[in-house]
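Let's take a walk through this one together, picking up a few local details along the way before turning to how the chains meet.

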Amino acid sequence: MVDTRVDLCGITLDNPIIPASGTFGYGYEFAELYDINCPGTFSFKGTTASPRYGNPTPRIAEAPSGMLNSVGLQNPGVEAVISEELPKLAKVFSKPVMANVSGFSTEEYVRTASLLDSQAQVGWIELNISCPNVHGGGAAFGTDPHTAAAVTAAVRKAVRKPLIVKLSPNVADIASIAAACEDAGADAVSLINTVLAMRIDIKKRAPVLANVTGGLCGSAVFPIAVRMVWQVYEAVSIPIIGMGGISSAQDVVEMMMAGAAAVQIGSANLVDPYICRNIIRQLPEVMAEYSIDVLSNITGAAHR
Amino acid sequence: MLLNGDTGAITRPGQFVNIRLDGFFLRRPISVSDWDDGLLCIIYKVVGRGTAYMSSLLPGARLDILTGLGNGFDVSKSGSSPLLVGGGAGVAPMYALARVLLSRGTAVHMIAGFNTAGEIYLKDEFEALGAELTITTADGSFGRKGFVTDAMDCRHSYVYACGPEPMLKAVCNASAADGQYSFEERMGCGFGACMGCTCKTKYGSKRICRDGPVLEKEEIVW
């Protein structure tokens with residue numbers, strides 16, 4: 001009998017699989033397909049203080065072994081999330097949920113995070129300082145160690161629950177940003193958000209995405225994510241949630257060996273809505289194949 | 001393309017399927033032209049590498065398909081003399097709609113618009129159903145020369161339309177009747193999770209894949 005449980009900031013997850021923000025909505029599209037209590041938890045759609053329509057369409061483009069998105073943080077706003085989405089979620093999901101928070105100013109991050117922090121269903125706050133698809137927010141905070149630390153410290157003071165800071169790969173030195181967030185009080189970091197990218201429609205001689213650029217995700221970015229999780233593991237002592245192109249139980253093991261305590265599954269959910277359930281079912285078999293009895297023991301195993 | 005499999009999730013004409021293809025990350029959303037208990041028919045135009053790959057598949061190939069996606073057309077609103085309008089690839093889903101309407105005893109007038117005679121498809125099939133069929137071609141090589149709107153008159157109780165957005169808008173403007181219009185957008189997931197295909201409506205944001213692709217005339221923001 002293998003043990004797939006992992007600890008994430010004092011909360012035990014049945015397994016390290018966490019559907020990533022922006023690929024799992026507020027849960028109920030997937031609840032129609034399977035019992036969404038099977039993953040460790042999930043990170044809900046990036047939420048801002050005010051409702052946001054997001055970017056114009058097209059928001060989606062294909063890439064070799066991946067896709068670009070430029071959704072632009074479409075969400076109903078924190079008040080509607082609390083009054084409408086969370087009560088609906090409570091009917092289909094009984095675990096603590098990860099609240100993904102984005103914003104355009106430190107004050108906005110603080111306000112949205114503290115409102116969600118007071119919700120009993122919320123287990124962790126995941127601070128998205130790395131959205132590449134909005135201007136003047138998101139990644140503007142996450143690409144400099146000083147601003148990343150400042151927003152982390154401000155939110156840390158305002159919330160009681162574990163604070164996870166989600167990092168951008170679109171930086172020269174992700175380890176220094178992770179270390180700055182740790183120093184500012186982050187309880188964990190999650191990485192990577194999408195890689196800034198672009199496609200051009202050669203027939204139209206114009207960008208495919210209405211927003212010109214978008215974030216690349218999918219299998220194409222998996223080796224980048226493994227490398228960055230490895231580098232951040234060397235630089236911090238807080239837990240790392242690894243993500244970026246994971247689509248199999250073997251990928252989960254690899255990401256954990258690079259240093260992840262838990263993992264998020266993103267775009268794979270969009271291609272195969274059953275992927276998280278299937279990976280969770282495959283994990284014990286893959287663990288046995290690689291002589292892993294206790295999954296949490298392999299975090300960082302490749303560093304030793 | 002005819003596909004054998006479980007079609008139980010398909011409940012309405014105008015719904016679509018999302019097809020996974022080897023070597024491509026995103027699935028390809030294609031509207032259902034018709035279906036029965038174990039068979040579904042899709043008619044698609046080769047417009048890129050994904051659809052080119054589909055056309056290279058041999059009989060017997062196995063595909064991973066999500067079915068029953070989207071809201072589809074509501075036939076209960078048709079009234080006694082609905083007008084069906086399809087343009088190009090948008091003609092395909094109107095076949096099942098015509099079949100369902102006719103099976104309910106509703107007379108169907110279908111206007112099918114194409115660029116040129118060589119692109120015409122489903123002509124015999126619509127006529128075999130018993131639909132009144134008008135074909136337009138932009139170059140006049142078959143049927144009536146011009147666009148679908150050139151063949152429209154006001155003798156209809158309701159409009160069902162599928163085709164390129166400029167055609168939908170022209171049809172909407174040319175008709176005083178209520179109607180349902182089926183839209184296209186680049187999709188990520190096709191089942192409502194990614195917010196990749198959002199559009200604005202009078203009642204707020206809607207996802208073309210999940211809340212659509214069929215929108216009511218009165219909610220459309222052109």
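Start at Ile200(A), which sits in strand E11 of chain A, a short run covering residues 200-201. Keep in mind as you look around that this is a predicted model. Ile200(A) is one of the residues behind a nonpolar patch on the surface: together with Met198(A), Ile202(A) and Val212(A), it makes up about 400 Å².

Step back along the chain and you come to a backbone oddity. The peptide bond running from Leu191(A) to Ile192(A) is cis, with omega near 10°. As for where that happens, Ile192(A) belongs to the loop that links strand E9 (188-191) to strand E10 (195-197) in chain A.

There's another cis bond to look at, this one leading into a proline. Thr57(A) and Pro58(A) are joined by a cis peptide bond whose omega is about 0°. Pro58(A) is in the loop between H1 and E4 of chain A. Now hop over to the loop between E4 and E5, where you'll find Ser65(A). Its phi is near 55°, which is a positive value in a residue that isn't glycine.

Now for the chain A and chain B interface. How many residues of each chain are in contact? On the chain A side there are 31, and they touch 26 residues of chain B. The size of an interface is often given as the accessible area lost when the parts come together. Here, chain A and chain B bury about 2300 Å² between them, with 59% of that on carbon and sulfur atoms. If you want to know where to look in chain A, try Tyr53(A), Glu62(A) and Val271(A): these lose the most area to chain B, and together they account for 29% of what that side buries.

What about the polar side of things? Between chain A and chain B, 11 residue pairs are in polar contact, counting pairs with both residues at pLDDT 80 or more. The interface also has three salt bridges across it. One pairs Arg207(B) with Glu29(A), side chain to side chain, at 2.6 Å from N to O.

Which elements of chain A give two or more residues to the side that touches chain B? They are helix H1 (28-31), strand E4 (60-63), strand E5 (66-69) and helix H9 (268-271). E4(A) provides the largest share, with four residues. Sorted by class, that side of chain A has 13 nonpolar, 11 polar and seven charged residues.

Definitions and conventions: Residues are numbered from 1 along each chain as its sequence is written. Chains are lettered from A and ligands numbered from 1 in the order in which they are written. This is a predicted model: local features need pLDDT of at least 70, side-chain atom pairs count only at pLDDT 80 or more; totals for chains, interfaces and linings use all residues. Side-chain values use heavy atoms; hydrogens and water are left out. Contact means heavy atoms within 4.5 Å. Buried area is the accessible area (1.4 Å probe) that two parts lose on being put together, summed over both. A salt bridge is a side-chain nitrogen of Lys or Arg within 4 Å of a carboxyl oxygen of Asp or Glu. A polar contact is a pair of N or O atoms within 3.5 Å; within protein, one must be able to donate a hydrogen and the other to accept it, and residues adjacent in sequence count only if both atoms are side-chain atoms. Ala, Val, Leu, Ile, Met, Phe, Trp, Tyr, Cys and Pro count as nonpolar, Asp, Glu, Lys and Arg as charged, and the others, Gly among them, as polar. Patches are made of residues with over 30% relative accessible area and no salt bridge: like charges are joined within 9 Å, nonpolar side chains (Val, Leu, Ile, Met, Phe, Trp, Tyr) within 5 Å. Accessible areas come from the Shrake-Rupley method with a 1.4 Å probe; for residues, only the protein chains shown count as cover.
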